[in-house]
Amino acid sequence: MAQFHLYSNSHNKHGTSSEPIIDVNRVDSEHVPLCSVNDVQLRFLVPDDLAEVRTLCQDWFPIDYPLSWYEDITSSSRFFSLAAVYNLAIIGLIVAEIKPYRNLNKEDKGILPDNMGKTADIGYILSLGVHRKHRRNGIASLLLDALINHLTTAERQSVKAIFLHVLTTNQPAILFYEKRRFSLHSFLPYYYHIRGKGQRDGFTYVTYINGGHQPWTLLDHIKDYASKLRHTGEVFKWVSTRVRQVVRWICHKTVSRFNFAH
C-alpha cells in the first residue's frame, strides 16, 4: 500500500442528523499521473470544506444531494469523512458510517447470518470519488485502505462487513471493488434516481472483515458437516492407533514377564 500522511484540522463536530443519500461510487478510467502518491495527504473533512466538497460531488455524481447532507458529512461525528489532499486541494474523498446491522433497510438484510447480525455492526460506504484529473493513481485505494484500517482495529471488532451500493452501469467502479475483494450481494431494481435520467438499477457489494461471513447456503452446511465427519474420522483413527500401540505394549510386557517366570 502506498504511504501517506494523515492529519486533521481542529474543528468542532456536532451531532447533526441526516439520512444518508446513496451515491454511485464513481471510479473513472481517465489517467493523469501525479507527481507522487506520497505527496497526497489524508485529513478529515471540516465545515469549511462544504463548498468545495459540494462542487466536487456535483461534478462526480449524477445525484442531487441536499445541503443538509453536505453539512452532516463535513461536521457530524456520525460519519467517517476522509479527504485526499494534493497541493492544498481536495482530489478525492470517502464517506462512510458504522451502523447496527439490525437497523439496516430491508433490501440490505441478508449480508450477515441472523445469529451474527443480532449483535454486529456494519460499515456502509456512502461515497467514494476521485477528481477526474487524478483517477487511476491509487487515490481510491488509499482512501478505502484508510477506512478498512479504521474498521479493523481492536476497538471495532464488532464491525463484521463493509457494503455499498453502485449503479449496474458503472463498470469501472464495479471492477475496482471486485479487485478489492468486494463481492456482489444483491440486485436492486430502480434503486437510483439519476439527475435527468429517471430511475436506474443498482447492485449491493460487500466485503467481510473481523471474522464476519455471509449466511451459509445448503452447500456450505454440507461442506461443514463433511469437514466435521472427516475431523471425527481423523480423531478416531488417531485414538485407534494409540489404543493398538497400548495393547501391543501390554501384550509385550505380559509375554516378557511370562518368559522370565519360566
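In this predicted model, a salt bridge joins the side chains of Asp 145 and Arg 180, with a nitrogen-to-oxygen distance of 2.5 Å. The two partners come from distant parts of the chain: Asp 145 belongs to helix 4, Arg 180 lies in the loop between helix 5 and strand 7 (183-194), and 35 residues separate them. Their surroundings are not alike in accessibility. Asp 145 has a relative accessibility of 13% and therefore counts as buried, the limit being under 20%. Arg 180, at 22% relative accessibility, counts as partly exposed. Side chains of opposite charge can pair when their charged atoms come close.

Asp 145 leads to the helix that carries it. Helix 4 covers residues 139-151, 13 residues in total, and spans 19 Å between its first and last C-alpha atoms, close to the 18 Å expected at 1.5 Å a residue. Is this helix enclosed or open to its surroundings? Because 10 of its 13 residues are buried, helix 4 is largely enclosed by the rest of the structure. Besides Asp 145, the buried set includes Ile 139, Leu 142, Leu 143, Leu 147, Ile 148 and Leu 151. The buried residues of helix 4 pack against five strands and one helix, namely strand 2 (41-44), strand 3 (79-86), strand 4 (89-100), strand 5 (121-130), strand 6 (159-167) and helix 5 (171-179).

Two of these neighbours are tied to helix 4 by a further arrangement: strand 5, helix 4 and strand 6 form a β-α-β unit of right-handed sense. Strand 5 is itself mostly covered, with nine of its 10 residues buried. Strand 5 pairs with strand 4 in the antiparallel sense through nine bridges, whereas strand 5 and strand 6 run parallel and are joined by four bridges. Tyr 124 illustrates both pairings. This residue of strand 5 is the bridge partner of Glu 97, and Tyr 124 also stands opposite Phe 163 in strand 6. In a regular strand the side chains alternate between the two faces of the sheet.

Glu 97 returns the account to charged pairs. Glu 97 forms a salt bridge with Arg 78, in which the closest N and O atoms are 3.0 Å apart. This pair, too, links distant parts of the chain, since Glu 97 is in strand 4 and Arg 78 is in the loop between helix 2 (67-73) and strand 3, 19 residues apart. Glu 97 is buried, with a relative accessible area of 5%, while Arg 78 is partly exposed, with a relative accessible area of 31%.

Elsewhere, the side chains of Arg 43 and Asp 49 meet in a salt bridge with an N to O distance of 2.7 Å, and both of these residues are buried. The whole structure holds six salt bridges.

These details can be placed within the overall fold. The protein has six helices and eight strands, which follow one another from the N terminus in the order β-β-α-α-β-β-α-β-α-β-α-β-β-α. Of its 262 residues, 42% count as buried. Among contacts with a separation of 6 or more, 76% are between residues 24 or more positions apart. The exposed area of the protein is about 15100 Å², and carbon and sulfur atoms supply 55% of that area.

Conventions. Residues are numbered from 1 along each chain as its sequence is written. This is a predicted model: local features need pLDDT of at least 70, side-chain atom pairs count only at pLDDT 80 or more; totals for chains, interfaces and linings use all residues. Side-chain values use heavy atoms; hydrogens and water are left out. Helices (H or I, at least four residues) and strands (E, at least two) are DSSP runs, numbered from the N terminus. The expected span of a helix is 1.5 Å times one less than its number of residues. Buried means under 20% relative accessible area, exposed over 50%, partly exposed in between (1.4 Å probe, protein chains only). Contact means heavy atoms within 4.5 Å. Two strands pair if DSSP finds at least two bridges between them. A crossover is right-handed if, with the strands pointing away from the viewer, the path from the first strand over the helix to the second runs clockwise. A salt bridge is a side-chain nitrogen of Lys or Arg within 4 Å of a carboxyl oxygen of Asp or Glu. Accessible areas come from the Shrake-Rupley method with a 1.4 Å probe; for residues, only the protein chains shown count as cover.
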